[in-house]
Amino acid sequence: QVQLVESGGGLVQAGGSLRLSCAASGTILFSIKPMGWNRQAPGKQRELVASITAGGSADYADSVKGRFTISRVNAKKTVYLQMDSLKLEDTAVYFCNVVLSSSQSLWGQGTQVTVSS
């Protein structure tokens, strides 16, 4: 079975940085799959914050542009989210996901990021 596991979350002061990791395991053609990072903050809908194609092209939500960087290391079956200049409003549970096919998606269980003043 394919599984995604997020790590790297924690408590950080505003203006600080964290790097999240999402590691895939199981049988998956990781290198050809687009990956994404999503978050859900208290009282808000889940939103896509960053995505990266198999070729390494990245897109970001306006709220994180210039502060977050998504990357991938295919040999490690891992996608990263470098988060800099963190703000209070970045507090959320962060999830990674992959679209396996047009009919099947896979999500991790999330990692908590809490930004304090």
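Strands here are DSSP runs of E of at least two residues, numbered from the N terminus. The model is predicted.

**Overall fold**

Read along the sequence, the pattern is β-β-β-β-β-β-β-β-β-β-β. That makes eleven strands and zero helices. The radius of gyration is 14 Å, close to the 13 Å that the globule rule gives for 117 residues, so the protein is as compact as a globular protein of that length. Along the principal axes, the C-alpha atoms fill a box of roughly 40 × 25 × 20 Å.

Of the 117 residues, 40% are buried. The accessible surface comes to about 6200 Å². Carbon and sulfur atoms account for 49% of that surface. Contacts also reach across the sequence. Among those between residues at least 6 apart, 54% join residues at least 24 apart.

**A buried lysine**

K33 sits in the loop between β3 (18-25) and β4 (35-40). This lysine is buried, yet has no salt bridge. Where is the nearest side chain of opposite charge to K33? That side chain belongs to E6, and it is 18 Å away. A salt bridge needs a side-chain nitrogen of Lys or Arg within 4 Å of a carboxyl oxygen of Asp or Glu.

What lies by the polar end of K33 instead is backbone. A polar atom of the K33 side chain is 2.8 Å from the backbone oxygen of L100. L100 is also one of the residues that K33 touches, once residues up to four places away in sequence are set aside. The others are A54, R72, V98 and V99.

Two of the strands supply some of these partners. R72 falls within the range of β7 (68-73). V98, V99 and L100 fall within that of β9 (92-101).

**Two residues with positive phi**

Most residues other than glycine have a negative phi. K77 and S85 are set out below with their positive values.

| Residue | Phi | Relative accessibility | Loop |
|---|---|---|---|
| K77 | near 50° | 28% | between β7 (68-73) and β8 (78-83) |
| S85 | near 50° | 42% | between β8 and β9 (92-101) |

Are these two residues buried or exposed? K77 counts as partly exposed, at 28% relative accessibility. S85 is partly exposed too, with a relative accessible area of 42%. Partly exposed covers values between the 20% limit for buried and the 50% limit for exposed.

The loops place these residues on either side of β8. K77 is in the loop that leads from β7 to β8. S85 is in the loop between β8 and β9.

Technical notes. Residues numbered from 1 in each chain as written. Predicted model: local features only at pLDDT ≥ 70, side-chain atom pairs only at ≥ 80, totals over all residues. Heavy atoms only, no water. Helix = DSSP H or I, 4+ residues; strand = E, 2+ residues; numbered from the N terminus. Buried < 20%, exposed > 50% of the residue type's maximum accessible area, 1.4 Å probe, protein only. Lys, Arg positive; Asp, Glu negative; His and termini not counted. Polar contact = N/O pair within 3.5 Å; in protein donor to acceptor, adjacent residues only side chain to side chain. Contact = heavy atoms within 4.5 Å. Rg over C-alpha atoms; globule rule 2.2 N^0.38 Å. Areas by Shrake-Rupley, 256 points an atom, 1.4 Å probe, with all protein chains shown as cover.
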